[in-house]
Protein chains: 2
Amino acid sequence: MDKENTYYGVKEIARRANVSIATVDRVLHNRSGVSEKTKRKINDIIKELDYQPNILASRLASKKIISLAVLIPRVSEETDFWEAPMKGITRADSEIKKYGVQVTTFYFDLNDPATFNEQASAILDGHFKGVLLAPSFIEESRKFVRACREKKVPFVFIDSDVPDEDNLCYIGPHLFQSGYVGAKLSTYRLKEKHKVAVVNISKETDSYNYLQIEEGFRSYFKDHNLPIEIIRIDIKDTDSLSVTRDLTRALHQHDDIEAIFVTNSRVFSVAAFLEKSKRTDISLIGYDYLKENIAYLNKELIDFLICHKPEEQGYRGLMALYQTLVLGAPVEKTHFMPIDIVTKENQAFYQN
Amino acid sequence: MDKENTYYGVKEIARRANVSIATVDRVLHNRSGVSEKTKRKINDIIKELDYQPNILASRLASKKIISLAVLIPRVSEETDFWEAPMKGITRADSEIKKYGVQVTTFYFDLNDPATFNEQASAILDGHFKGVLLAPSFIEESRKFVRACREKKVPFVFIDSDVPDEDNLCYIGPHLFQSGYVGAKLSTYRLKEKHKVAVVNISKETDSYNYLQIEEGFRSYFKDHNLPIEIIRIDIKDTDSLSVTRDLTRALHQHDDIEAIFVTNSRVFSVAAFLEKSKRTDISLIGYDYLKENIAYLNKELIDFLICHKPEEQGYRGLMALYQTLVLGAPVEKTHFMPIDIVTKENQAFYQN
DNA sequence: TATATTTACGGGTACGTACCCGAAATCAAA
DNA sequence: TTTGATTTCGGGTACGTACCCGTAAATATA
């Protein structure tokens, strides 16, 4: 019932090389103060024994902290969506800080890519060992993570993915499938007119994020041979005035729209518009368990909300970094979150 | 750059309770030798401080080994599929044995549920801390894992899932989707006759496993409105004579079958039959990167093989147990493996 | 050659927990 | 009261690695 003793550690290496443990340690961390000759001898023994350090002991003895950076949008008046991932991040932080992990969070403004760049370069300056980020701005994120890669700093994406970057992992929704689900829900109250709108309220109109969702959305109708016209509405300014203006125009142009699918959490602003303009006949589907959204869900202005467990995204994102950097354990490259459907009826029980 | 000291460990508990570390330790592991009074005092402080043990230090100091059991099919002459998961299991074992994990593997005969039961009860007798199993026989597995749950022994499924059991996680294919992919590949050479066969060569004809795959298979044709007749062929005996007999009869009855989809790795026996009976006109799709299957793939008797990274299943299955039991880190409940498509052209480069 | 400086290395302690061993305190039996 | 058994507890070491500090040896400078 006891551990076997076939494991060779620094002690055995030191014994074989006729040196002290301290010298072996110097070689292992290539610190100075070892002659070339003994260094070579020790390295040979390390290779011969295929020495694998005991990470548990290593972390325990180390006084160094592993500092991680988090780069996510600031909670703004417009949306408090990022409160949830932040909660998960905080929970993970409190769990792993006793193992020498320190988390610093940097916030950017979703309406201003420049703030993303500022914070990103701040992260690059403060030498962090790992980065968790929401790649809300694709090109800016690409630039940033390439710099990370050059510094050999692993990075994790949450909320949305950036394809073909060498990220440690992605934790978030399968965007295409999420759009697909959104489409199915959009047909829920469809009668005869057969027009649905897909609304993108965002500064970044052609983000990979959005394109994936829209593609999934359209695929549903194609796969099911539904002869439905899909109206795409882009709203570049996120304030409620712009939303009202653009939606008024669009609904004027297409007065027979039966359902609106909003591709992100700003569905509440569409709901507000529908409420004011008394268009409760239009079915509304959108994203995320925000207070405003839930309010409109309860008022039956929103029919369905799709949620991707944002708290868990934050939690698992940090834990993924912890697992590689501290525990040395492998991590799945992709963690797709559930695509949860929240309605007026089940919302009270939802675990965000 | 140094660890902060806000962490309260056993030392602090001991100090506050005016006892020694050893006594605190006794309470933590509810060993005997502590009076009720001090036990209560210590427990109060533990609760007050919300003490979380340092798992790294705990594992390092502990002389106890954590023994895990693995229950998978024996590599038989019929199929060497389980060599791959075994390789992954061995790899994981060699990585984690230095942290006090010991793995014992139990093998059962895929043709004999009784051997499963024997091995299962052997596992229940030898008190293991975690179990990794391939639930090839559903009902037998159900019985087994319920016994595990009662003993509070976590268990992990690989290769196929058993729904609604309280498993730590499942690591394997999305069976429905895998059948769906199989269906798509079955249409690859389809001409006009529009008949495909789905062949299940297994003792366990109605396994959850198989039903899921078949459901996915059928869904593809339904989703794409393909007016294709699907012939279901059950072959209960896995020897080549039975396969030949049953297939001969089936092909006689349906002489216009254009494609055959075999729902498991025994596709080579169908390939052998097609070769003998010179029916190279029939498209053949099946599972798993076995030597025999690859040979028939190269002979162009098999068109496609679908693979689910069996080696990784074994590896990740064990690592999942390691992560919960040793590292105390959370584990995703479901790890869907890739549904890889292997052809004659790409097989040489496939990473099983 | 004497002294200062640098290089190379070993001793030893710490990390937080587990657990062995011995000893004091309490209790039971005589 | 004495002896023995039992309960209750503390000291101290070990796990494998990191790293501080001191020192002998090698080298440089006078």
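**Figure 1. Secondary structure of residues 11–62 of chain A in the predicted model.** In this predicted model, residues 11–62 of chain A are 69% helix and 0% strand, and the C-alpha atoms at the two ends of the segment lie 17 Å apart. An unreviewed UniProt entry annotates these residues of chain A as "domain: HTH lacI-type".

**Figure 2. The protein surface around DNA strand C.** DNA strand C is surrounded by 28 residues, of which A:Ser20, A:Thr23, A:Ser35, B:Asp25 and B:Tyr51 are the closest. Of the atoms of DNA strand C that come within 4 Å of the protein, 65% belong to sugar and phosphate. The residues of this surface near DNA strand C comprise 12 nonpolar, 11 polar and 5 charged.

**Figure 3. Contacts of chain A with phosphate oxygens of DNA strand C.** A backbone N or O atom of A:Ser20 is placed 2.5 Å from a phosphate oxygen of DNA strand C, and a backbone N or O atom of A:Ser35 is found 2.7 Å from a phosphate oxygen of this strand. For A:Thr23, by contrast, the atom concerned is a polar side-chain atom, which lies 2.7 Å from a phosphate oxygen of DNA strand C. The elements that contribute two or more residues to the surface near DNA strand C are helix H2 (21–28) and helix H4 (55–61) of chain A, together with helix H2 (21–28) and helix H4 (55–61) of chain B.

**Figure 4. The protein surface around DNA strand D.** Around DNA strand D there are 28 residues, and those that come nearest are A:Asp25, A:Tyr51, B:Ser20, B:Thr23 and B:Ser35. Sugar or phosphate accounts for 65% of the atoms of DNA strand D within 4 Å of the protein, and bases supply the rest. By class, the residues of the surface near DNA strand D are 12 nonpolar, 11 polar and 5 charged.

**Figure 5. Contacts of chain A with phosphate oxygens of DNA strand D.** A polar backbone atom of A:Val10 lies 2.9 Å from a phosphate oxygen of DNA strand D, while for A:Asn54 a backbone N or O atom is 3.2 Å from a phosphate oxygen of that strand. A:Lys64 takes part through its side chain, with a polar atom 3.5 Å from a phosphate oxygen of DNA strand D. Two or more residues of the surface near DNA strand D come from each of H2 and H4 of chain A and H2 and H4 of chain B.

**Figure 6. The interface between chain A and chain B.** The contact draws on 38 residues from chain A and 38 residues from chain B. The size of an interface is often expressed as the accessible area lost when the parts come together; between chain A and chain B the buried area is about 3400 Å², of which 58% is given by carbon and sulfur atoms.

**Figure 7. Salt bridges and polar contacts between chain A and chain B.** Between chain A and chain B there are 2 salt bridges, one of which joins the side chains of A:Glu332 and B:Arg316 at an N to O distance of 3.3 Å. Across the interface of chain A and chain B, 7 residue pairs are in polar contact, with both residues of each pair at pLDDT 80 or more. On the side of chain A that touches chain B, the elements giving two or more residues are H4 and helix H13 (310–327) of chain A, and H13(A) provides the largest share, 7 residues. This side of chain A is made up of 17 nonpolar, 8 polar and 13 charged residues.

Technical notes
Residues numbered from 1 in each chain as written. Chains lettered and ligands numbered in written order. Predicted model: local features only at pLDDT ≥ 70, side-chain atom pairs only at ≥ 80, totals over all residues. Heavy atoms only, no water. UniProt positions renumbered as here; feature names shortened; annotations may be inferred. Helix = DSSP H or I, 4+ residues; strand = E, 2+ residues; numbered from the N terminus. Near = heavy atom within 4 Å. Polar contact = N/O pair within 3.5 Å; in protein donor to acceptor, adjacent residues only side chain to side chain. Nonpolar A, V, L, I, M, F, W, Y, C, P; charged D, E, K, R; others polar. Contact = heavy atoms within 4.5 Å. Buried area = accessible area lost by both parts, 1.4 Å probe. Salt bridge = Lys/Arg side-chain N within 4 Å of Asp/Glu carboxyl O.
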